[in-house]
Amino acid sequence: MAFAVGDRARVRLSSAALSDSKVQPQPPRIGVVTRVVGGPPDVIDLVFEDGKVLNIAATFLDEVRDAQAATITAFQGRVAVGTRASAQFSQALRGNVIDLYGIDPGGAGAFTDFVLIKPKTGPWYEVAATAAVVIGDR
Amino acid sequence: MAVSDIVSPRIAPVVPSVIQPQPTHYGVITAEAAGPPLTRSVLWDTGVASTLTADALADFNLDVIEDADTAVIDAWLGKVAIKIAPGGATSTDSAGGTSREFTGTVYAVYMRTPIQSAPGSGNNYLVLQIAPGLFIEGRVTEFALVTDQ
């Protein structure tokens with residue numbers, strides 16, 4: 001699915017060599033597409049939430065869209081934590097679910113839902129919705 | 001190293017690391033040219049796009065960010081850790097006496113490979129944040145897990 005004006009996007013920080021590990025920008029930054037010049041590759045004008053403006057090939061952006069309804073229902077307004085190898089992260093990483101979104105690297109058309117979590121005194125971190133669990137008593 | 005690789009400047013010395021970017025930043029290589037001089041265009045996580053120049057590949061002082069070993073990610077991601085004192089761990093203190101105020105949560109684990117080196121030949125790194133909000137990045141071997149947290 002190609003980018004369109006009004007779509008949300010962010011810098012693509014995954015690669016063929018970086019697909020299991022993740023880098024976690026502090027804080028994460030998302031922008032909105034203001035112009036698309038057809039390619040290939042399409043060239044995107046993007047304005048970030050802090051006002052920075054970017055002109056870049058779509059290849060180097062992730063498309064950001066609404067998460068699926070089931071993800072929103074499960075996580076919005078809840079406290080959650082990430083998991084790895086079937087174990088929850090440390091309690092210190094339990095935090096408020098700030099954002100829910102679907103990510104499509106490069107705008108190719110395959111989205112994965114992610115949960116952005118912010119512990120009270122911890123870092124911003126994003127995990128796939130399938131790797132996050134709601135903390136039931138909070 | 002190729003276009004679309006993820007990179008990060010090598011700001012902190014290897015060991016002992018006493019310089020800590022707050023926080024560490026990452027970018028994606030969007031273009032390269034042989035020059036001379038060599039150039040690499042990078043789009044950073046801050047939304048800034050810049051072009052770096054160097055006379056040799058190693059001179060960029062960039063590390064390519066790759067997947068850490070799976071076992072390393074499993075062992076460290078989401079855990080609580082503390083940096084080991086320069087004198088090393090002791091039998092009674094795995095952190096060798098490092099102040100417990102440096103205990104933090106590990107939120108990223110990856111491999112840093114110097115841009116001039118072969119893919120997959122780097123070292124495993126972790127990034128943690130301690131309670132006052134400070135970020136600490138270092139080689140996995142420089143840290144000890146804090147259990148039961």
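Reader: Which strand of chain B does β6(B), residues 80-83, pair with?

Author: Happy to start there, keeping in mind that this is a predicted model. Residues 80-83 of chain B form strand β6, and two bridges tie this strand to a partner running antiparallel. One residue to look for is B:A81, which stands opposite B:G104. The strand that pairs with β6(B) is β7(B).

Reader: How many bridges join β5(B) to β7(B)?

Author: Strand β5 of chain B covers residues 62-66. Within this pairing you can find B:E66, whose bridge partner in β7(B) is B:M111. The two strands run antiparallel, and the number of bridges joining them is four.

Reader: And β8(B): in which sense, parallel or antiparallel, does this strand pair with β7(B)?

Author: Strand β8 of chain B spans residues 123-130 and meets β7(B) over eight bridges. A good place to look is B:A108, which stands opposite B:V127 in β8(B). The sense of the pairing is antiparallel.

Reader: Why is β7(B) described as largely enclosed by the rest of the structure?

Author: Nice question. A residue is called buried when its relative accessible area is under 20%. Strand β7 of chain B holds 11 residues, numbered 104-114, and it is largely enclosed because the count of buried residues among them is 10.

Reader: What area is buried between chain B and chain A?

Author: The contact draws 39 residues from chain B and 35 residues from chain A. In chain B, the residues that lose the most area to chain A are B:D45, B:D67 and B:Y107, together 19% of what that side buries. Carbon and sulfur atoms give 66% of the total, which is about 2,900 Å².

Reader: Which side chains meet in a salt bridge across the interface of chain B and chain A?

Author: The rule finds one salt bridge across this interface. There, nitrogen and oxygen are 2.7 Å apart. The two side chains belong to B:D74 and A:R84.

Reader: Which element gives the largest share of the side of chain B that touches chain A?

Author: Let's list the candidates: β2, β3, β5, α1, β7 and β8 of chain B each give two or more residues to that side. The largest share is six residues, and the element that provides them is β7(B).

Reader: How many nonpolar residues are on the side of chain B that touches chain A?

Author: Sorting that side by class gives 10 polar and six charged residues. The remaining class, nonpolar, has 23 residues.

Definitions and conventions:
Residues numbered from 1 in each chain as written. Chains lettered and ligands numbered in written order. Predicted model: local features only at pLDDT ≥ 70, side-chain atom pairs only at ≥ 80, totals over all residues. Heavy atoms only, no water. Buried < 20%, exposed > 50% of the residue type's maximum accessible area, 1.4 Å probe, protein only. Pairing = 2+ DSSP bridges. Contact = heavy atoms within 4.5 Å. Buried area = accessible area lost by both parts, 1.4 Å probe. Salt bridge = Lys/Arg side-chain N within 4 Å of Asp/Glu carboxyl O. Nonpolar A, V, L, I, M, F, W, Y, C, P; charged D, E, K, R; others polar.
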